[in-house]
Amino acid sequence: MTVFLLGQDPEAFPPPERADRSGLLAVGGDLGPARLLAGYRRGIFPWYSEGQPILWHSPDPRFVLLPGQLHVPRSLEKVLRRGTYEIRADTAFAEVLRGCAGAPRPGQDGTWITRDMEAAYLELHRLGHAHSVEAWREGELVGGLYGEALGRVFFGESMFARAPDASKAAFVTAARALFEAGCLLIDCQVETEHLARFGARDVPRRRFLQLLGPAVQSGPPLHRAFASLGAPR
């Protein structure tokens with residue numbers, strides 16, 4: 001197994017096809033905006049636990065949601081139509097990040113959203129690259145998700161829920177707004193049963209990289225998708 005050691009150049013990543021069977025590609029480097037954005041543009045993302053060095057991954061296959069493939073169960077459509085949750089974007093990014101970090105994960109002890117990761121994504125949010133989509137009920141944040149928008153790609157990172165269907169409502173609302181704004185690819189990274197219900201599916205890494213290359217470089221930007229979700233009323 002070969003794992004590459006990253007140097008000081010934030011643009012220097014090994015080819016994602018060189019990742020091992022688990023998807024692990026490289027170790028080291030930093031979590032500065034330049035490094036993170038360079039990684040995402042190549043289909044590479046950080047994923048590690050507190051106390052570990054920074055680990056960079058490019059799994060094969062890759063779990064994605066493509067235009068025209070979103071499936072919304074009838075029960076969730078009823079929740080959306082009833083307006084059970086008010087869905088907003090970018091009004092509580094730090095709180096969503098903390099909610100995701102604190103959410104229990106099956107088979108996981110602790111969180112991969114370390115203190116350094118939290119600081120890194122807060123900086124990406126400040127720079128306009130990272131976004132949150134939030135579910136509110138009676139003025140309380142009860143669920144949401146966050147990720148990065150580059151070109152016409154949204155890289156989903158994590159979600160949490162403190163009320164039934166809250167994160168699902170946020171995800172479906174976000175996906176619809178993104179595709180309406182011209183999104184060509186929602187990257188869900190690795191398969192989860194939760195997102196499989198909405199039409200996300202595995203594609204070979206080679207196919208993912210073929211889709212990613214032109215989509216991440218093209219416009220129009222997806223910022224209007226988040227703006228369309230509005231501010232608190």
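The following paragraphs describe the overall form of a predicted protein model and then some of its strands, helices and backbone angles.

The secondary structure of the predicted protein consists of 8 helices and 11 strands. The radius of gyration is 17 Å, close to the 17 Å that the globule rule gives for 233 residues, so the protein is as compact as a globular protein of that length. Along the principal axes, the C-alpha atoms occupy a box of roughly 50 × 35 × 35 Å. Of the 233 residues in the protein, 51% are buried, and when contacts between residues at least 6 apart in sequence are considered, 72% of them join residues at least 24 apart. The exposed area of the protein is about 11100 Å², of which carbon and sulfur atoms supply 51%. As for charge, the mean position of the 27 positive charges and that of the 26 negative charges lie 6 Å apart.

Strand β10, which covers residues 185–189, has 5 of its 5 residues buried, so this strand is largely enclosed by the rest of the structure. Both of its faces are covered, with L185, D187 and Q189 buried on one side and I186 and C188 buried on the other. Strand β5 (residues 62–65) is joined to β10 by 3 bridges, and these two strands run antiparallel; here V64 stands opposite D187 of β10. Strand β9 (residues 153–161) is likewise joined to β10 by 3 bridges, but in this pair the strands run parallel, and D187 in β10 is the bridge partner of F155. D187 thus appears in both pairings, opposite V64 and as the partner of F155.

A further link to this region is provided by F179, a residue of helix α5 (residues 166–180). With a relative accessibility of 17%, F179 counts as buried, because the cut-off for a buried residue is under 20%. When residues up to four places away in sequence are left out, F179 touches L65, L66, P67 and I186, and I186 is one of the buried residues of β10. Although F179 and P67 are separated by 112 residues in sequence, their C-alpha atoms are 6.2 Å apart in space. In helix α1 (residues 33–41), the buried residues are R35, L36, L37, A38, G39 and Y40, and just after this helix G43 takes a positive phi of about 80°.

Several backbone angles deserve separate mention, given that most residues other than glycine have a negative phi and most peptide bonds are trans. The peptide bond that joins D60 and P61 is cis, with an omega of about 10°, and P61 is found in the loop between β4 (55–57) and β5. D90, which is not a glycine, has a positive phi of about 60°; this residue is placed in the loop between β6 (86–89) and α3 (93–102), and its relative accessible area of 29% makes D90 partly exposed. A positive phi, near 70°, is also found for Q189, again a residue other than glycine. Q189, however, is placed in strand β10, and with a relative accessible area of 9% this residue is buried.

Conventions: Residues numbered from 1 in each chain as written. Predicted model: local features only at pLDDT ≥ 70, side-chain atom pairs only at ≥ 80, totals over all residues. Heavy atoms only, no water. Helix = DSSP H or I, 4+ residues; strand = E, 2+ residues; numbered from the N terminus. Rg over C-alpha atoms; globule rule 2.2 N^0.38 Å. Buried < 20%, exposed > 50% of the residue type's maximum accessible area, 1.4 Å probe, protein only. Contact = heavy atoms within 4.5 Å. Areas by Shrake-Rupley, 256 points an atom, 1.4 Å probe, with all protein chains shown as cover. Lys, Arg positive; Asp, Glu negative; His and termini not counted. Charge placed at Lys NZ, Arg CZ, Asp CG, Glu CD. Pairing = 2+ DSSP bridges.
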